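Here is a short tour to read alongside the structure. It begins with one helix and then widens to the chain and the contact between chains.

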Amino acid sequence: MTIGLGAVARARSVGGALRRMPVIPIFLLGALALAALFAPIVAPHPPLEIDLSSALAPPFYHEGGSLDHLLGTDRLGRDILSRVIYGGQVSLLLAFSVLLIGGSVGVVLGLLSGYVGGVLDAVIQRTVEAVLSLPTIMVALVFVFVLGQSFTSVVLILAPFITASFARMVRGEALTVRNMNYVALARVAGASHMRIIARHILPNVAGTIIVIATLEVGALILVEASLSFLGVGVPPPTPAWGLMVDDGREYLATRYWLSLFPGLAIVMTVLSINWIGDWLRNVLDPKRQEL
Amino acid sequence: MLRYIVGRLLQAILGILVITTLVFLLVRLTGDPSSILVSDFAPVEVQERIRERLGLDRPLHEQYAAYMGGLVRGDLGESFNGRPVLDILLQYLPATVSLAAVAMAIALLVAVPLGILSAVYRGTWIDTVARTVALFGQSVPSFWLAIVLVLIFAVVLDLLPVAYRSGPDSYVLPAVAMGWAAVAGIVRLIRSSMLDVLDSDYVRMARAKGMPPRTVVVKHALRSALIPVLTFTGLVLASFMNGSVVVESVFAWPGVGTMTLDAVSGRDFPVVQGAVIMIAVFFITINLLVDILYAFVDPRVRYR
């Protein structure tokens, strides 16, 4: 019997990990990102072009479908493929904005919390716990209602949650690193606290930061899509994936593709990101080799 | 043990205090609620009267005292239609809680065996299946899954109801849509904690003694491996409360999520605020219970 013997972690070289690089998700995500980036060139139609005469056209493989609208059109005759491509722009841009704003604040708070400790740590961590126990979607509902529906308000609402989860993870790592001998040595050698944080702690938590960042992008895209599905995300007529799934709901019985394709775009994107995130975790953080 | 429980209790109370204060401040920081309630064309006096009725004309610390005083007495204020917010919440709560319970049961039923098998047969096709399920669970948005499920099982196959809460069969689709996301987390957690335990000295010892593999896995490894899962269960329940908005909206389920969404579109601010506070308090309470339970299950916690 060899049950569990495999659990003895095999030594893995970085080269070996690179060889097991997940080609499929990198290719998928790359294609999606490129399509989103060059949407005006790639998309067959402008995303907001209304053409009532060809409204609710089926995809090309259906009877009555045409190659002009590969994935069909919505109730205003807007091309679904084009809107899915432009939707990628919205989702990715939003997720990265949130990550940049919320993540950088979170890294700073986490480093301070872990390195300084004491009262500051307690205050930051209690606040972080409080924020993390707020129901994201519920809170977002409230704030979109107060701030008004826009790209910016979605970013501002989601950023604190990212800040909190970064602050917590980075703190844990910083705490471990702080007690290392080389940090004590640097201190003895007369390095300032700022220098120690920047030169000794930050580089050591960088791996963790990259891993959380990747996994959080996936989660962010899901939350953003849920918000636009509920009608409180980026406002129409912006082609957001969640919004398109919601638009298609009333035609579900007769025209499933209206909801199906934008949803598939979400699944493909988030799946690729999470897949890459899992792989990164194995490469950068062998201690926490989970899945 | 008592010291530990009291300590955790105080922490939980502190957490609730922070959250309610946070909600109070954020609501006021983001602007005057009365300006949302009143149309731009209404006379100034109307807005003044509303401000007075909501107590917004008083200084901030007085408003805070009144708000906290109300909370302590279980008074979440009144909805704009005159009903106490607490009554409204209690009316919608059972539908959400019962759905969450079914979803949780489904999630555990699928995830626990899958997580165990995945760890025991690490590196085999079973492991691959489990990891794929986990990856998909993390990546498929529940609202879309809900719609696809409706399309397949209600529209095409006509096996289950499309929406609304009626008999037991009406629970199936929403509970699966809700529980799905939790499966990913639980499978991952059980797998990694099983792998840790399977690698521990006492499990190796049990094996060396020649115990049958099944006994080693079930009696020795699983018991300790399930402890972290306990913590996670609290998080999952909280995430169900959050996910309820989305899933309930797809199935027109008469629960807290639908209620909140209606309150948002009807601009019934006290109800929305009450819902957020209730869910946050629920979350903290669950975590408190989990931590206390943890101390009973894992004696090491008590002496930390």
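## A helix with a buried side

In this predicted model, H7(B) holds a run of buried residues: Ser142(B), Phe143(B), Trp144(B), Leu145(B), Ala146(B), Ile147(B), Leu149(B) and Val150(B). What lies over them? The cover comes from both chains, and it includes H9, helix H10 (241-248) and H11 of chain A as well as helix H8 (169-198) and helix H10 (213-251) of chain B.

Helix H7 of chain B takes in residues 142-156, 15 residues in total. Its first and last C-alpha atoms are 20 Å apart, close to the expected 21 Å. At Val150(B), one of the buried residues, H7(B) bends by about 30°. Just after the helix comes Asp158(B), with a positive phi of about 55°.

## The rest of chain B

If you step back to chain B as a whole, you will find 12 helices and zero strands. The C-alpha trace spans about 85 × 60 × 30 Å along its principal axes.

Of the 304 residues in chain B, 38% are buried. Among contacts between residues at least 6 apart in sequence, 71% join residues at least 24 apart.

## Where the two chains meet

How many residues does each chain bring to the contact? Chain A contributes 44 residues and chain B contributes 48. On the chain A side, helices H5 (118-132), H6 (136-147), H9 (193-229) and H11 (257-284) each supply at least two residues. H6(A) gives the most, with 10 residues.

By class, the side of chain A that touches chain B has 30 nonpolar residues, 10 polar ones and four charged ones.

Conventions:
Residues are numbered from 1 along each chain as its sequence is written. Chains are lettered from A and ligands numbered from 1 in the order in which they are written. This is a predicted model: local features need pLDDT of at least 70, side-chain atom pairs count only at pLDDT 80 or more; totals for chains, interfaces and linings use all residues. Two residues are in contact if their C-beta atoms, placed from the backbone, lie within 7 Å. Helices (H or I, at least four residues) and strands (E, at least two) are DSSP runs, numbered from the N terminus. Ala, Val, Leu, Ile, Met, Phe, Trp, Tyr, Cys and Pro count as nonpolar, Asp, Glu, Lys and Arg as charged, and the others, Gly among them, as polar. A residue is buried if 20 or more other C-beta atoms lie within 10 Å of its own, exposed if 12 or fewer, and partly exposed in between; C-beta atoms are placed from the backbone. The expected span of a helix is 1.5 Å times one less than its number of residues. The bend at a residue is the angle between axes fitted to the seven residues ending there and the seven starting there.
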